Every structure is written in structure tokens, then in C-alpha cells.
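Ready for a few exercises? Have a go at each task before you read its solution.

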Amino acid sequence: MSGASLALAPAGDTAEPVLRAEHLAKEFSGVRVLSDVSLDIRAGEIHAVIGENGAGKSTLMRLLSGYLKPSEGALFMDGAPVDFHAPADAQAAGIALVHQEILLADALTVTENIFIGREIARFGRLDERAMREAAAAQLAEIGCKVSPTALVRDISLANRQLVQIAKALLGTRRVVIFDEPTAVLTHDEVDPLLDIIVELKQRGVAILYISHRLDEVERLADRVTVLRDGRMVGTYDAQGLTPHRMASLMVGREFASLYPARQDPARLAGGDAAPALEIENAHVPGFVREVSLTLHKGEILGLAGMIGAGRTELFEGLLGLRPASFGAVRLHGELAAFRSPAHAAELGIGYLTEDRKGKGLLLEERLAPNLTLAALDRVHPAAGLDLAREAQLLDRAVASYDIRLRSREAKAGQLSGGNQQKLLLAKVMLNEPSVLIIDEPTRGIDIANKSQIYAFIHALVREGRSCIVISSEMQELIGLCDRILVMRAGRINGELAGEAMTESNVALCATSSATNENISGRTSDG
Amino acid sequence: MADLAAAPPRAQHGWSIGWGDAGPFLALAALVLIGFLINPDFLSANNIANVVTRSAFIGIIAIGATFVISSGGLDLSVGSMAAFITGVMILVMNWAAPSVGTAAIPLGMAVALVTGIACGLLNGTIVTIGRIEPFIATLGTMGIFRALITYMTDGGTVAIDRSLRDAYRPVYFGDVLGVPIPILVSLAVALVAAYVLYRTRYGRRCVAVGANEDVARYSGISVARVRTMAFVIQGACVAIAAICYVPRLGAATPTTGLLWELQVITAVVIGGTALRGGRGRVWGTVAGAVILEFIANLMVLSDFVSEYLVAAVQGVIIIIAMLIQRMSKR
């Protein structure tokens with residue numbers, strides 16, 4: 001199939017691809033992470049690369065953009081061999097990389113960020129005006145409305161992503177490599193970005209698009225290359241390639257469903273179950289106003305909304321991580337006030353942060369200390385550390401959460417994103433919480449790990465725990481939750497359950513001032 | 001605890017083994033070898049005991065600094081704090097000596113320890129409750145302690161009372177089975193410190209706070225308490241060092257302990273502790289303090305380099321140590 005699709009690809013076969021890679025391989029100290037990958041990118045096409053974490057996507061991307069040198073194989077631009085020694089070489093040749101993470105200096109202006117390292121100067125003096133005008137033109141071209149003189153720290157995440165794209169496009173516009181550009185964006189911020197990418201393509205830019213979100217790939221890509229375990233599965237014409245088929249190709253087996261079946265219909269009844277956590281009239285200054293919610297025992301309650309809607313802040317306030325006031329908080333029917341995360345953990349609330357690298361795990365630390373960090377008093381009741389017990393707990397966590405690691409002595413930062421997330425879950429579960437709050441349970445992790453984490457959440461709920469899931473991925477909430485609350489601008493703007501849990505309803509609640517009633521009205525109209 | 005003493009450089013705490021860990025001990029071995037080649041007297045038991053005894057002072061303070069620095073803090077006030085504690089201690093002893101005789105010595109020691117802990121608590125609370133950068137906070141208290149000792153001595157010196165001098169002398173100049181007491185004391189401090197840092201919940205929390213304050217906070221650790229405690233440990237260590245060294249110093253003066261903070265930080269950093277926090281090496285710190293003193297001693301024993309350049313050579317050493325750490329990380 002892959003051979004045929006190559007021949008049928010839309011761009012004229014006679015045209016030499018802008019960038020071609022032949023038999024690329026990369027070894028790190030004897031370990032082969034990528035072998036025999038050949039692909040090409042043509043002007044005016046979007047070529048998507050998909051694969052699970054560890055499949056070699058980021059290695060491939062770094063080889064193409066000069067961050068790494070291939071151990072074997074060669075790169076050609078317009079048919080001529082090229083050899084990149086540094087990212088600057090690739091940039092000079094017209095290849096730009098838009099990083100997944102936002103790599104901008106917060107304290108500098110948009111213009112200063114765009115021109116960092118290649119400032120325009122006249123007789124040694126910075127030509128601020130020329131840079132400002134060039135930045136403004138570049139921003140306008142991609143439809144970004146931020147002021148070139150704004151400080152990066154003052155602009156939204158979505159705009160930062162656009163600034164980053166503007167920075168990449170400045171001067172280098174033959175090949176643009178996007179590394180999961182939508183990973184940090186919410187649903188509403190994604191569409192404008194995808195439009196910009198399509199526009200770039202129409203202007204003849206060759207685009208390599210790496211993403212976990214298969215629906216985006218389906219929408220954008222002309223061709224799709226699938227990687228698995230560092231090898232190429234094939235290059236396919238995107239026409240007729242469904243997300244389901246892509247997932248199967250990535251994993252190498254057929255997928256039934258990403259989400260576990262709801263095995264316990266009684267749980268769905270929700271209303272009859274006793275309340276596990278009740279929050280009344282929560283205020284978090286600057287983020288949350290007048291929020292009340294009830295989580296029932298054995299329920300998975302979803303919290304949807306855009307970034308900045310106040311979802312994370314509500315629970316950080318609840319745990320005493322930021323100033324907040326509450327009318328009342330009841331845990332299993334009894335009034336409670338949590339002074340600190342430690343106090344909340346003691347009373348049976350576990351919180352998994354959305355920022356596992358910045359707030360969840362010590363990346364430079366080994367796994368065992370990470371696992372027990374939130375439960376030191378529980379794991380080590382005596383003054384001295386019980387290292388044997390700790391090793392045992394790690395073994396148990398590795399087994400029950402299927403954490404894949406090369407060595408017990410590995411550092412947390414060496415695990416893949418999915419395994420880090422599982423370690424974080426195991427860490428929070430050491431405190432045996434009865435109520436679990438999971439913020440972005442599967443951000444930036446691959447499908448196989450996602451489906452495992454969904455299964456773990458279901459299993460925890462079956463044990464009688466209750467769970468709140470905060471997520472920006474609507475599909476995830478719909479697939480996983482019994483009920484969804486949608487927050488908008490610090491308030492709860494709607495509650496959806498059962499058949500009403502659809503992407504359009506969630507999106508409507510998250511963005512418009514519509515209330516629950518007129519949403520159900522609209523859906524019945526449509 | 002025995003295995004901690006037996007094999008200090010080994011990473012039995014489960015830390016990764018690498019140049020960063022073995023480096024200070026290899027450097028120390030190399031230094032000893034060079035010293036022997038330059039001047040065979042260098043390896044005489046007498047000289048070694050002398051050098052290590054002298055290094056114990058910076059060593060004990062630096063062990064405390066290992067906690068502060070691995071928790072992500074910094075204490076610039078240790079030098080003037082040492083002078084201040086010495087001053088307070090001598091004044092108290094001199095005041096008590098006429099009435100209680102040599103019993104003034106243990107009293108002075110107790111007062112010194114309490115003063116040290118109070119000074120550490122002051123630093124810690126300014127940093128944590130006042131939310132002031134450790135650099136600035138301890139820059140402030142450094143000035144305060146220095147001014148206080150100058151005021152207490154009236155710009156001159158406060159010498160220890162004659163009647164106590166002989167009774168106190170053995171604390172620095174005495175030995176047990178040939179091992180000078182300061183060496184024994186610093187060994188004991190290092191053993192306890194290694195146990196606390198590597199084998200207790202506090203040690204875990206201390207390093208976690210230094211590695212990533214947010215992770216620590218979200219893991220339910222009271223960052224302020226852990227940080228403050230590190231400064232208190234530092235204060236106690238300064239007090240222990242001062243207690244050992246009163247016989248050698250003999251008096252407190254406005255210049256006592258001047259610039260010691262730099263030597264202390266140097267010892268900690270060449271010992272392999274990360275200056276930005278998140279990694280502490282107690283035995284490395286001890287080795288670092290000995291290295292500094294060995295270098296000074298070598299330069300005195302040899303005629304190649306003027307001893308006026310000791311600080312310059314120590315400066316070169318700290319830069320080389322950082323470069324080695326950097327390269328070993330790759």
C-alpha cells in the first residue's frame with residue numbers, strides 16, 4: 001500500500017522533493033533508536049509523522065533540523081546532498097523547527113524574542129524599528145494579533161505558540177517542521193493554528209507535521225508516515241486513512257476502544273450515590289467565582305473548559321496551594337478545610353498536577369524517592385528511611401501500573417511521558433486517597449499509555465474511590481466521565497450527562513455565555 | 001551508620017556514581033601524591049594531622065552549608081556568625097569564670113550552641129517567612145553579625161580569661177589515641193550529617209526542595225519548614241566549629257572569620273554539591289575542605305609559588321572543579 005500511495009501522491013512526481021531523507025539511522029552509544037527511515041517532503045504538502053512515544057519521531061525531527069547528526073543515511077535538499085552540523089545550518093538552508101514546548105523568554109518583548117540571536121543592527125546599534133516592523137509583518141502574516149512590543153509573559157499560551165511560529169518562519173520558509181504544535185493548546189485555540197498551517201502549505205511551504213492528535217492529522221495531512229519502535233511502518237496517502245487505522249498502524253495491532261467499557265451501570269446512576277466531595281461557593285481570587293459542585297461516590301466527574309477557565313486554580317485553592325475561600329467543603333458528608341496538600345492527603349484527597357515535569361516529579365531524582373516523596377511519613381514511620389520497604393513499594397508500583405523502565409536506578413526524567421504519568425499516579429496513590437483529582441491525565445502521552453491510564457482510573461473508581469478529571473481534551477472527558485461540568489471564566493457554565501455529553505455541547509458551554517437550559521434547547525433543535 | 005564511615009565516596013545512598021562523586025576524592029589523592037613528590041615531609045603524620053585539624057574548622061561549617069545549599073539556599077553570614085558566636089561565648093565565659101571557675105566552659109559551649117541555632121533561625125525565617133532571597137537575607141545578617149562583634153569588642157579584641165585558657169586548651173590541641181580532637185569532632189558531625197541527609201525523611205525533603213520547590217510543595221512538603229531547618233543546622237554547625245576553635249583563636253576580633261564564607265562555599269562546591277540545589281554530598285564537602293587546606297599547606301612547604309597566591313590557586317581549583325562537573329554530566 002505504501003508504494004502505491006507514493007506514486008499517487010498529489011504533488012507532481014516530476015518535481016524534486018524539497019527535503020529528502022534516505023535510510024536515516026541514529027545510534028546513541030550503541031543503542032539504535034532509529035533505523036532505515038526514508039521519507040520526502042514536497043513543496044505545498046503537509047506530511048505527517050505519527051508514532052507512539054519512543055517510536056523515534058523526535059529523533060527523526062532532530063536529524064532533519066540539524067540538532068543531531070545521523071549515524072547512517074543522508075539528507076538531500078532539492079536533490080543535492082546536505083550535511084547539517086548545527087541547527088543554524090539547517091536554518092540557513094531554509095528548514096525551521098517549531099518546538100512543542102514554548103521556548104520564549106518571558107521577560108522580553110515579542111519582537112525581542114523573534115529576533116533573539118539575529119538582531120538587526122546598524123553600525124553596531126540595534127535597529128529597534130526595523131525589527132519591530134519585520135516582527136509585525138511576520139505576525140500579521142500568520143494572523144496573530146499581539147503587539148510586537150508586548151511582553152511574552154503578558155500574552156496567552158496560544159499567542160506564544162504563534163509567536164514561536166513567527167520566529168521560526170522569519171527568513172526560513174522552505175520547510176517547516178511542527179512538533180506537536182497543538183499539545184499545549186485548548187480545543188478553541190487549535191483551529192486557528194491549523195488554518196495557519198494550511199495557509200502556509202498553500203503558499204508552497206513544505207510542512208512536516210508531528211502530532212499525537214490523529215484527528216488533526218486526518219484533517220491536515222496529504223501523506224502520513226508511521227513510525228514504530230524506531231522503524232518505518234510505511235508512508236501512506238492520507239486519503240481514506242482513518243484515525244482508527246492510524247492508531248492500529250502505530251501500535252501494530254487492532255484497537256477496540258480507547259476507553260474502558262462502563263462495567264458498572266449502577267455507578268452511572270450517580271444521583272443515588274452518597275456525595276464524596278461537596279464544594280460550596282468557592283472563590284479563588286482572580287480565577288474562580290461562586291463555584292459549587294458535588295462529586296458522588298464511585299463517580300468520574302469531568303471538568304471541561306478552556307485554559308484560564310479556572311479549573312486547575314479551583315483545586316489548587318481547595319488544597320491550600322493558593323489563597324481561596326469556600327462557603328463549605330464536605331468530604332464524605334463531614335465539614336473539612338484543607339490547610340495544605342499534606343493535610344488534604346491525610347484526609348484522603350489526592351491531586352495529580354497537570355504539570356508533571358514542573359510540579360509532579362523530580363526529574364533528576366531516581367524513581368523510588370519520587371514515588372515516596374508525598375508519603376514519606378507513611379512509608380518511613382521511623383526517623384531513618386526504610387529503603388527495603390521503599391524498594392518493595394517501587395516493585396509493586398512498577399507491576400501494578402505497568403511502568404516500563406530500563407533500570408530501577410533510572411532517573412524519573414529518563415522515563416517516557418506515559419511512564420512518568422504512571423509513576424505520578426502511583427506516587428499519589430501511595431497515600432490511598434478516597435477522592436482523586438487528576439489534572440490533564442494524558443497530556444502529551446501516547447495512545448497505548450492513554451488507554452492504560454483510562455483503565456487505571458476506572459479500576460480505582462471500581463474500588464470505591466471517586467474521581468475528578470480535568471481535561472482540555474473533550475474526547476477524553478466524554479469517553480471517560482459519567483458527568484461533565486464545563487467551566488468558563490471562573491464559573492460553572494453547564495452540566496452535561498449521558499447523551500448530552502457531545503463535543504459540540506462541551507465547546508458551546510466552554511465558550512459562550514449560554515447556560516445549561518438553552519444548550520439542551522439547541523441540541524433538541526438541531 | 002558504620003558503612004557510611006567505611007566507604008564515604010561510594011554511592012551507597014543510591015545516587016548515581018560518576019566523576020561528580022569520585023572527583024573530589026581523586027583530586028585529594030592526586031594532591032597528596034603531588035605533595036609527597038614535592039616535599040616528603042608533606043606526608044609526615046605530624047603535618048597531615050596538622051593540616052586536617054586546621055581544615056576541620058571550615059569543614060564543620062561547610063557540612064552545615066551542604067544542607068543550606070542542597071535545599072536551594074545560600075548562607076553568606078557564616079564567617080561573621082562564627083565571629084559573633086565566638087565573641088558571645090568568650091564574654092559569657094569570662095563573666096562566669098570568677099564565680100564558677102572552669103564550669104564556665106560548658107556553660108559557654110551551651111550558650112554558643114544556642115546562639116548559633118538562634119542565628120540560623122533568624123536567617124531561616126528572614127528567608128522563608130520574609131520571602132527574601134537567601135543571598136540578600138544573609139548578606140544583611142552578615143553585616144549585622146559583623147557589626148555586633150565589632151561593637152562587642154569595641155573595635156579591639158575580647159580575649160578568653162587566663163584562668164580558663166589552660167582548661168579549654170585540649171579541645172583544640174588535645175587528642176584521643178593520637179587523633180586530634182577537632183578531627184574527631186568533624187568526623188562525628190559528618191557522620192551525623194550524612195545520616196540525616198541520606199537516610200532520613202528530612203534529608204529527602206531537603207534535597208527535594210532544592211531540586212524543585214514546586215514538586216516539593218505539591219507533594220505536601222512544607223518548603224518553609226525544610227528551608228528554615230537547613231539554616232538552623234548551619235547555625236548549629238557554625239557554633240560547633242566556634243567551640244572547637246576558641247583555644248586556637250584565643251580571642252574574638254572584628255576580623256575573625258573574615259571571608260570564611262567563600263572558603264566554605266568553595267569546599268561545598270568542589271565536594272560535588274550542586275550550587276543550584278537538589279544534590280548534597282557531605283563527604284565530598286569534607287574532602288573539599290581538606291583539599292583547600294592541603295593546597296595552602298603545599299604552597300607553604302614548596303618554594304615554587306608564593307603563599308600570597310593561595311587564594312588564587314583555590315580560585316583556580318573551584319573553577320576546575322566546576323568544569324569537571326560540567327563535563328562529567330555530558
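**Exercise 1.** Work out whether the radius of gyration of chain A agrees or disagrees with that of a compact globule.

*Solution.* Start with the rule: the radius is taken over C-alpha atoms, and the globule rule is 2.2 Å times the number of residues to the power 0.38. For 526 residues that puts a compact globule near 24 Å, and chain A has 25 Å, so the two agree. This is a predicted model, where local features need pLDDT of at least 70 and side-chain atom pairs count only at pLDDT 80 or more, while totals for chains, interfaces and linings use all residues. Residues are numbered from 1 along each chain as its sequence is written, and chains are lettered from A and ligands numbered from 1 in the order in which they are written.

Next, look at the spans: along its principal axes, the C-alpha trace of chain A covers about 70 × 55 × 50 Å. Last, burial: 46% of the 526 residues in chain A are buried (20 or more other C-beta atoms within 10 Å of a residue's own; exposed means 12 or fewer, partly exposed is in between, and C-beta atoms are placed from the backbone).

**Exercise 2.** Find out how far the end C-alpha atoms of helix H12 of chain B are apart, and where H12(B) bends.

*Solution.* Helices are DSSP runs of H or I with at least four residues, numbered from the N terminus. H12(B) covers residues 223–249, which is 27 residues. The expected span is 1.5 Å times one less than the number of residues, so H12(B) should span 39 Å; its end C-alpha atoms are 37 Å apart, which agrees.

Now follow the axis. At Ile243(B) the helix bends by about 35°, and Pro247(B) comes within four residues after that. (The bend is the angle between axes fitted to the seven residues ending there and the seven starting there.) Just past H12(B), Gly250(B) has a positive phi of about 75°.

Finally, check the surroundings: 23 of the 27 residues of H12(B) are buried, so the rest of the structure largely encloses this helix.

**Exercise 3.** Decide whether Asn94(B) is buried, partly exposed or exposed, and say which residues it touches.

*Solution.* First find Asn94(B): it's in helix H4 of chain B, residues 78–100. Then count: Asn94(B) is partly exposed because it has 18 C-beta neighbours inside 10 Å. Leaving out residues up to four places away in sequence, Asn94(B) touches Ile160(B) and Asp161(B) (contact means C-beta atoms, placed from the backbone, within 7 Å). Val158(B) is 64 residues from Asn94(B) along the chain, yet their C-alpha atoms are separated by 9.5 Å.

Note on methods: Helices (H or I, at least four residues) and strands (E, at least two) are DSSP runs, numbered from the N terminus. Two residues are in contact if their C-beta atoms, placed from the backbone, lie within 7 Å.
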